[in-house]
Every structure is written in C-alpha cells, then in structure tokens.
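Biologist: I'd like a close look at a single part of this one, please. Take one strand and walk me outward from there.

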Amino acid sequence: MKIGIVSVGQATPNMLIELQEGLPKIFPETTCSVIQEPLPLPDQAFDKKRNQFNSSAILDKIQVFVTKNKDYQRVLGVINIDIFASGLNYVFGEAYVSGQAALISLWRLKPEFYSETSNSPIFTLRAVKEAVHELGHTLGVRHCSKNFCVMHFSNSIFDTDKKQNLLCDQCYLQAALAISNLG
Ligand code: ZN
Ligand code: ZN
C-alpha cells in the first residue's frame, strides 16, 4: 500500500515523519511518503457555533486530492485543530470505509489538552494508533469489539491509551488481504 501523508492547514511536521516511520511497522507491504505541500484548510468546514471544524468536509477535500494523485493508494491527512463529525461532540479522526482518504486530528491527542505535561512518546503513540485505525477503515475493516485492538472505537483518550497499536488477528487478516488486493 502506498500511503501519502499530508498536513491539512498547519500540522506538526515532526509528527508526519513519526507516522511515516510508524505505519509500515503495522501494515504489511506498505510504504509512506510525506507530501511536502500542505492541503489548505477548507473555510466552509468551520462551524462557527461549535468553534470546531467538520471532519467530513475536510475528508472530502482529501478524497479529491487522492483521486487526482495516482502516486498514492491512500492519503492520510493530519490536522492540528479540533474536529467533529455528525452526531459526535468531537472525533480523533475519520475515514470512509473502503475509501482512499483518512484524517486524524492531533488536537485531542496532546497530553497538554488534558492538562498533563507534554510527552512526545505518548503523543506520537496516540497519533500512530489513530492513523492505523482510520487507515484500517479505508481497508474495509470496521470497529472491533476487542478493546485491545486498534480498530476498537475510541470514545475518549482513555480508550485510545488502553488499546494496543496493533490490529487483532482477525482485523489484521482482513487488512492484509485488502492490501494485497490493491496490487
Ligand atoms: Zn473508527
Ligand atoms: Zn480487531
């Protein structure tokens, strides 16, 4: 699987490199490249009343980008603002099941958000878990009932911290099959 990793608006460049290194350790036959030019944050994604951005509106922009860029089979957008999805107060990320676009937000993954001291290994681990989770969805993997599996739904940061940075055997097989079918 060829993954492009891109900032949407201003994301932290170091995190893109951490993701580039981390993702091929989880997914078989996978290479990642950092796309240097950030995607612009779509103005219409901003919800004034909520003071948050609509993740689906941003995901649509990433999908348009990946459709035009034949170099990548999947594109992961990384954003450093608070995002929400319909029916949810906030989300850590979003992706279309079996789509090509995935998005994660770093906003609520930073220990500082929870008034804890900054800790880059914890921050990075959370970001890689959420990225694996969203990319897993693009490979057709749905939410897993096992709370240690990275495909378990994270309702809060506690869930993210509890799950491992790995797919359970069943989810892994499904992801690996989808990757081999990408050709
Ligand atoms: Zn999910
Ligand atoms: Zn699983």
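Which residue is the bridge partner of V75 in β8? Start from that pairing and build up the surroundings of β5 for me.

Modeller: Happy to, with the reminder that this is a predicted model. The residue facing V75 across in β8 is A101. Further along, V78 has I104 as its bridge partner in β8. Altogether five bridges hold β5 and β8 together, and the two strands run parallel.

Now turn to the β1 side. There, V75 stands opposite G4, so we can cite V75 for two pairings, one with G4 in β1 and one with A101 in β8. β1 and β5 are also parallel, and six bridges join them.

As for burial, β5 is mostly covered, with six of its six residues buried. In a regular strand, side chains alternate between the two faces of the sheet. You can read that off β5: R74, L76 and V78 point one way, while V75, G77 and I79 point the other way. Both sets are buried, and that includes R74 and G77.

Zoom out one step and you get the whole sheet. It is open, has five strands in the order β2-β1-β5-β8-β7, and its pairing is mixed. The edges belong to β2 and β7 (93-95); each of them has a single partner strand, so one side of each has no neighbour in the sheet. On average, neighbouring strands here are turned by 20° against each other, if you ignore direction.

At the β2 end, β1 and β2 pair in parallel over six bridges, and one of the facing pairs is V8 with L39 in β2. The route between these two strands goes through α1: β1, α1 and β2 form a right-handed β-α-β unit.

Next, the helices against the sheet. Helix α2 (residues 55-68) lies across β1, β2, β5, β7 and β8, and runs at about 135° to β8. α3 packs on the sheet too, touching β1, β5, β7 and β8, with its direction at about 155° to that of β8.

S56 is a handy spot for looking at how α2 meets the β7 end, since you can find that residue in helix α2. Leaving aside neighbours within four places in sequence, S56 is in contact with E94 and Y96. Its C-alpha atom is 9.6 Å from that of G93, although the two residues are 37 apart along the chain. S56 counts as partly exposed because its relative accessible area is 24%, and the cut-off for buried is under 20%.

Back to the interior. The largest nonpolar core has 39 residues, and those with the most contacts inside it are I5, L19, L23, F27, L76 and V78. β5 is among the elements that each supply at least two residues of this core, along with β1 (2-8), α1 (13-26), β2 (31-39), β8 (101-105), α3 (120-138) and α5 (169-182). The biggest share comes from α3, with six residues. If you want one residue to centre your view on, try F27: beyond its neighbours within four places in sequence, F27 is in contact with M1, V132, L135, G136, L139, L167 and I179. Apart from this core lies another one, of 20 residues, among them A45, F53, Y72 and I83.

There is a second sheet to look at as well. This one is open, with three strands in the order β3-β4-β6 and mixed pairing. β3 (46-47) and β6 (83-84) are its edge strands, each pairing on one side only. β3 pairs with strand β4 (residues 52-54) in the antiparallel sense over two bridges, and D47 stands opposite Q52 in β4. α2 turns up again here: the helix packs on this sheet, touching β4 and β6, and its direction makes about 50° with that of β4.

Last stop, the metal. The zinc ion (ligand 1) has H133, H137 and H143 as its protein donors, each through NE2, at 2.0 to 2.1 Å. Their spacing in sequence is H-x3-H-x5-H. H137 counts as buried because its relative accessibility is 8%, whereas H143, at 45%, counts as partly exposed. One caution for your setup: water is not among the atoms, so sites may look incomplete.

Methods. Residues are numbered from 1 along each chain as its sequence is written. Chains are lettered from A and ligands numbered from 1 in the order in which they are written. This is a predicted model: local features need pLDDT of at least 70, side-chain atom pairs count only at pLDDT 80 or more; totals for chains, interfaces and linings use all residues. Side-chain values use heavy atoms; hydrogens and water are left out. Donors are N, O and S atoms within 2.8 Å of the metal (3.2 Å for Na, K and Ca); water is not among the atoms, so sites may look incomplete. Buried means under 20% relative accessible area, exposed over 50%, partly exposed in between (1.4 Å probe, protein chains only). A nonpolar core is a set of buried Ala, Val, Leu, Ile, Met, Phe, Trp, Tyr and Cys residues joined through side-chain atoms within 4.5 Å. Helices (H or I, at least four residues) and strands (E, at least two) are DSSP runs, numbered from the N terminus. Contact means heavy atoms within 4.5 Å. Two strands pair if DSSP finds at least two bridges between them. Axes are lines fitted to C-alpha atoms, for helices over the stretch in contact, and angles run from 0 to 180 degrees between N-to-C directions. A crossover is right-handed if, with the strands pointing away from the viewer, the path from the first strand over the helix to the second runs clockwise.
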